[in-house]
Amino acid sequence: MNLNKSKEAFLEAKKVIPGGVNSPVRAFKSVGGSPIFINRAKGAWLYDIDGNEYIDYIGSWGPMIVGHRHPDVLAALEEVLTYGNGAPTELETILAQIVVEAVPSVEMIRMVNSGTEATMSAIRLARGYTDRDLIVKLEGCYHGHADYLLIEAGSGATTLGVPTSPGVPKDFAKNTISAPYNDLETLCKIFAERGEEIAAVILEPIPGNMGLILPKEGYLSGLRELTKEYGTLLIFDEVMTGFRVAYGGAQELYDIDPDLTCFGKIIGGGLPVGAYGGKKEIMLHLAPEGPIYQAGTLSGNPLAMAAGISTLSLLQKPGVYDQLWLMGKRLEDGIRQNLEELNVPAFLTRSGSMFSLFFTDQEVKDYKTVRSSDTEFYAKYFKGMLEEGIYLAPSQFEAGFISLVHTESEIDETIEANKKVLRRLKT
């Protein structure tokens, strides 16, 4: 595979962009080598500047659920190019109405520009609404790069967090408690000690930022009851799972009613977007109705709103999520058969059209078990799949995504590539 142009482009980028990329995972540091530079995408395929083509399982990290360059989305974008920006448009209301109708826990919603902005704003709202300072986050769940979210757990179950990045003041991190995902017992201990001080618990209901992890039976419902008991808000970060694992997100799948929900990715059809919404009583504390301030010059911009409206309209068609589930199941079954036939120690997770393959002999259920994965083996697997024309996440700890335009043929080609690469790595 010739990647000379991508290598040259990366060297040039590094002269003016730290690390040559604008988001760290794109640099391929976890898997080695130089990143692929893309110059075209269509449907389920990516094309790089060297002329190579790939079946895409990143989908712009999730939002391209209807595929790249869907004609309906392109037409919607073209229609709003004349709108301008910085003043209200009807598109904001239309998209808000679609989300409110789709997600029963969301009675009002505020548009922002990114997932980080959504989670940061939701936490500020929760603190202002409850008049409390502490928040709880779950290990391995990523909610953007706000200072108080870049923390790791202390030495004990109720120890306040410590910064994981230089530049994060200890005074910021000390207001965040980190706890293991899928461990309700530890959360109960935390609340028994500090519950009256905790404004909110924020989590990905189905984590996708340490690879895809599924919640244990009763975990999310138990967390909902625990937060209600202490008057703590429950924030679901559905930036990744919203409109992905089901039309109503993970909260539809698990029948949970969070107080606030954060969105992104799919609701902008692949354009920069974020949003947070929830109970009307809480949302009306935001300026200009209430005292809690949050603003954004490009929030609700017409391009993102138009792309989101078009994408969500496509997802309302009958059979859409059945199709996504079937393609996900086909990929899962094929890979599981390969793993069994070749006797490769691995743990595969899937929720609808999201999936992860961890190279470990343990059940993967939280951040600790995720870290048992053989990242060196994954790096070799990633490179092998890339050579076979399959574009996966350049990190063991990221989820994969299937779109509506992935066909049986492309899924089967991926399964065959998986078998070929695993066989080669086993010898």
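The sulfur of Cys141 sits 12 Å from its closest cysteine counterpart, in Cys262, which is too far for a bond. With a disulfide taken as a pair of cysteine sulfur atoms within 2.5 Å, the count for the structure comes to zero. Cys188 doesn't pair up either: its nearest cysteine sulfur belongs to Cys141 and is 17 Å away. The burial labels used here are buried for under 20% relative accessible area, exposed for over 50%, and partly exposed in between (1.4 Å probe, protein chains only). On that scale Cys141 is buried, at 4%, whereas Cys188 is partly exposed, at 36%.

A word on the model itself. It is predicted, so local features need pLDDT of at least 70 and side-chain atom pairs count only at pLDDT 80 or more, while totals for chains, interfaces and linings use all residues. Residues are numbered from 1 along each chain as its sequence is written, and side-chain values use heavy atoms, with hydrogens and water left out.

Turning to charged pairs, a search of the whole structure gives 13 salt bridges, each being a side-chain nitrogen of Lys or Arg within 4 Å of a carboxyl oxygen of Asp or Glu. One of them joins Glu12 and Lys15, whose closest N and O atoms are 3.2 Å apart. Glu12 is partly exposed at 48% relative accessible area, and Lys15 is exposed at 61%.

Another salt bridge brings Glu196 together with Arg132, at 4.0 Å from N to O. This pair links distant parts of the chain, 64 residues apart: Glu196 is in the loop between α6 (184-194) and β9, and Arg132 is in the loop between α4 (115-130) and β5 (134-138). Helices (H or I, at least four residues) and strands (E, at least two) are DSSP runs, numbered from the N terminus. The two partners differ in burial, since Glu196 is exposed at 57% and Arg132 is buried at 16%.

Arg330 and Glu408 also meet in a salt bridge, with 3.7 Å from N to O. Arg330 lies in helix α11 and Glu408 in helix α14 (residues 408-426), so the contact ties together parts that are 78 residues apart in sequence. Both residues are partly exposed, Arg330 at 31% and Glu408 at 44%. Asp412 joins in as well, linked with Arg330 and Glu408 in a network of salt bridges.

Next comes the empty space. On a 1 Å grid over the protein atoms alone, a cavity is a set of points where a 1.4 Å probe fits but cannot get out; a pocket is an open set with protein on both sides within 12 Å along at least five of seven lines, and lining residues have an atom within 4 Å of a point. Grid points are joined across faces, edges and corners, and a volume is the space filled by probe spheres set on the points.

Two cavities of 30 Å³ or more turn up, and the largest holds about 170 Å³. Its lining has 16 residues, with Phe355, Ser356, Leu357, Tyr378 and Leu392 nearest the centre. At least two lining residues each come from α11 (320-342), β14 (354-358) and α13 (375-387). As for pockets, the second largest has a volume of about 420 Å³. Glu92, Arg110, Met111, Ser299 and Gly300 are closest to its centre, out of 19 lining residues. Here α3 (90-102) and β4 (108-112) each contribute at least two residues to the lining.

A few backbone oddities round things off. Most residues other than glycine have a negative phi, and most peptide bonds are trans. The peptide bond from Ala287 to Pro288, however, is cis, with omega near 10 degrees; Pro288 is in the loop between α9 (280-283) and α10 (302-315). Asp255, not a glycine, has a positive phi of about 55 degrees. Its place is the loop between α8 (250-254) and β11 (260-264), and Asp255 is exposed at 68%. Asn343 likewise has a positive phi, near 55 degrees. Asn343 is in the loop between α11 and β13 (347-351) and is exposed at 60%.
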